[in-house]
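Please read the following note alongside the coordinates. The points are numbered so that each can be checked separately.

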Amino acid sequence: MRPFSSNKSGQEARRAERLGQTTGAGSSRTPKEPAWKMLPHVWALLKPRRGILTVGFILMAFNRVSGLVLPASSKYFFDDILLKHHVRVLLPLVAAVFTATLVQAVTSYALTQLLSKSSQRMIAELRIKVQEHIGRLPVSYYDANKTGALVSRIMSDVEGIRNLIGTGLVDFAGGIMTAVVALAYLFRISVTMTATAAFFLLIFAASLRHAFKTIRPIYRARPKINAEVTGRLTESLSGVRVVKGYHAEQREAEVFGGGVGRLLANVLETLTATSLMSASATVLTGIVSASIMFLGARLVLSGQLTPGEFVSYNAFLLMMIAPVAQVVSIGPLMTEAMAGLERTREVLDEKPEDQDPERTIRLDRVDGHVVFDNVGFSYDSGKQVLFDVSFESQPDTVTAFVGPSGAGKSTIIGLIAAFYTPKSGRVLVDGVDLAKVRLDCYRTQLGVVLQESFLFDGTIGENVAFGRPNASKEEVLAACRIARVDEFAEGFDSGYDTVVGERGVKLSGGQKQRVSIARAILADPRILILDEATSSLDSESEALIQEGLRYLMRGRTTFVIAHRLSTIRRADQILVVEAGRIVERGTHASLLAAFGRYYDLYTKQQGVESNLFLAPGEGDSVAEEAPAAGLPADSRGSDLPEAIQLIRGRRN
């Protein structure tokens, strides 16, 4: 553990570290692979839109050809009309220029409408694809990545890719085409002047190549920094009550300010590079213009070139140099697009958990016979969490896990839910290795109530029906009655249509817990996982919900994590987990009689609770179907079997 430091430099170092800034940060600016290796991915994006691009290139060709009319007309205007007084040529020339300008306007509008809208559709489709892909990644991927960083990958990284199909790419290609045509025309007029201009352009092209090689890592680093800053900001906003509770607003502002400062430094570095390229392009234009002015004047005075040809030459020269200026403006955008595509491909290359080729077995109906066979597991290599864990849970039984925090109880639950796969040993469900079972059919028969209740920003009814969105209103209300959600929901003005806010912020901890339990009840799972499911409830509410849960547990395999040991005395087997191993197993009575680790935990907790408050359900006698001792019987208890039957009957 790093020692605490009160000096400001130490604090700043820790803040920088939390945002991912290290002394080796420069390594993140090194591209993972050359830009040309991204071309297959670029083609994969463009291929479905090749028809639109083809039309775009045709429109671009008309646009560029019509753009050549005006500079070409200058020769005839000066030589034939002004010098030779061929007035009859004036009207056809003006008509040609007007028509060409009109064609340019129409094709420019069509290009913008066609390509810009297509690029925005591509961004929308790509965002949907990335979000869907991330949603299918294993839980371990979420453990290693911040939520804000993933949001940035979905929303921000794909934004720059629009330039791959937008007007930028076509304009750049059109500029190259115009430059080639202009170059041919320039060589026809004067080889000397054109060779001089081409010499300076080649020098500038070499410098641009070096500049883009330098600027690409900067652009690639920007989305990474942005993701880190966004991730930290998301954490800060989500934990605003903790921040305010510890009066840490200023500290969070400093941390965020440090991240924004890194982002600003990256942007300023980019602006410096692009402004240098822009200045170089301006200098190039000046040098070429001065050289052509000097050489052209000599050729005109010597009679080798007419004034009209000289004016026309300069106009075409500008059209040849224009793509160079476009490279300066469009090049960084294309670089940004490639960087965004590269980061997007990193996500899309991650292997979804439901595409494991070994997961081929369907379990259309789970009985709930779960066996752990010498299971070992580690989140990180070299740091094992579980060691040779073995146990068996039969259908229609309750298995409880107890032990100190960090012992491995939640990891075992995660393996049962197929959030992770064992590093050694097997987890069997109905005799089938869970690592080979298709997740789409298994998890639909799984119900999970976690200690930290998570609710979506929707109504109470929508959150209850999350696991079964096609459930009828009667089924939703029945689940709410079993979980005692009706006790508070019907007291709101909007009833079950009350919006709970982000993460259920408008509900109390106990109310959120009841909604989570109702969600699991409505799902009617074959395997039920309760991770401290009643930890946020008051004594009376817990006793009432325990009654509903007893009905729910019938006929299915239930796994319970409980720190309040009084709540799991009816469990068919209790497994004491410590340091990643099962050190004791048995029933409540047999474990107490063994005077082992469970006895120590139970008696110690009893001693603490007796000095603080009476735990719900605590007493000398435990009736199987009666309310907990000391609590009044629920007048609606007789209706619970009917509500349970409604949910089960509708689903079956």
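1. Helices and strands are taken here as DSSP runs (H or I over at least four residues for a helix, E over at least two for a strand), numbered from the N terminus. This is a predicted model, in which local features need pLDDT of at least 70 and side-chain atom pairs count only at pLDDT 80 or more, whereas totals for chains, interfaces and linings use all residues. Residues are numbered from 1 along each chain as its sequence is written, and side-chain values use heavy atoms, with hydrogens and water left out.

2. The chain contains 22 helices and 10 strands. Of its 652 residues, 46% count as buried, where buried means under 20% relative accessible area, exposed over 50%, and partly exposed in between, with a 1.4 Å probe and protein chains only. If contacts (heavy atoms within 4.5 Å) are restricted to residues at least 6 apart in sequence, 80% of them join residues at least 24 apart.

3. A418 lies in the loop between α13 (409-416) and β4, and this alanine has a positive phi of about 65° although it is not a glycine. Its relative accessible area is 3%, so A418 is buried. A second case is A579, in the loop between β9 and β10 (581-586), where phi is again positive, near 55°, in a residue other than glycine. A579, however, counts as exposed because its relative accessibility is 57%. R484, which follows helix α16 (residues 473-482), also has a positive phi, near 65°. Within α16, the buried residues are E475, V476, A478, A479, C480 and I482.

4. A418 also belongs to the lining of the largest cavity, together with R359, L415, Y420, T421, P422, V427, L434 and A435. A cavity is a set of points on a 1 Å grid over the protein atoms alone where a 1.4 Å probe fits but cannot get out, and lining residues have an atom within 4 Å of a point. Grid points are joined across faces, edges and corners, and a volume is the space filled by probe spheres set on the points. On that basis there is 1 cavity of 30 Å³ or more, and the largest has a volume of about 40 Å³. Its lining divides into 7 nonpolar residues, 1 polar and 1 charged, with Ala, Val, Leu, Ile, Met, Phe, Trp, Tyr, Cys and Pro counted as nonpolar, Asp, Glu, Lys and Arg as charged, and the others, Gly among them, as polar.

5. An open sheet of 4 strands follows the order β2-β1-β4-β5, with antiparallel pairing; two strands pair if DSSP finds at least two bridges between them. β2 and β5 (432-433) are the edge strands, each pairing on one side only. Strand β1 (residues 370-380) and strand β4 (residues 424-429) run antiparallel and are joined by 5 bridges, and the bridge partner of G376 in β4 is S424.

6. Strand β3 (residues 398-402) has 5 of its 5 residues buried, with V398, A400 and V402 on one side and T399 and F401 on the other. β3 runs parallel to strand β8 (residues 557-561), to which 4 bridges join it, and F401 has I561 as its bridge partner there. Strand β9 (residues 573-578) also pairs with β3 in the parallel sense, over 4 bridges, and V402 stands opposite V576.

7. Which residues does F391 touch, leaving aside those up to four places away in sequence? They are V370, V371, F372, F401, I412, F559, Q573, L575, I582 and R585. F391 is found in strand β2 (residues 383-393), and it counts as buried because its relative accessibility is 4%. F391 and R585 are 194 residues apart in sequence, yet their C-alpha atoms are 9.0 Å apart in space.

8. A nonpolar core is a set of buried Ala, Val, Leu, Ile, Met, Phe, Trp, Tyr and Cys residues joined through side-chain atoms within 4.5 Å. The largest has 43 residues, of which I460, V464, V485, V515, I568, I574 and Y598 touch the most other members. Helix α18 (residues 509-523) supplies the largest share of this core, 6 residues. A second, separate core of 35 residues includes L363, V366, V375 and L415. Not counting residues up to four places away in sequence, V515 touches L455, I460, N463, V464, V485, F488 and L507.

Definitions and conventions: 1 Å grid on protein atoms, 1.4 Å probe; cavity = no way out; pocket = protein on both sides within 12 Å on 5 of 7 lines; lining within 4 Å.
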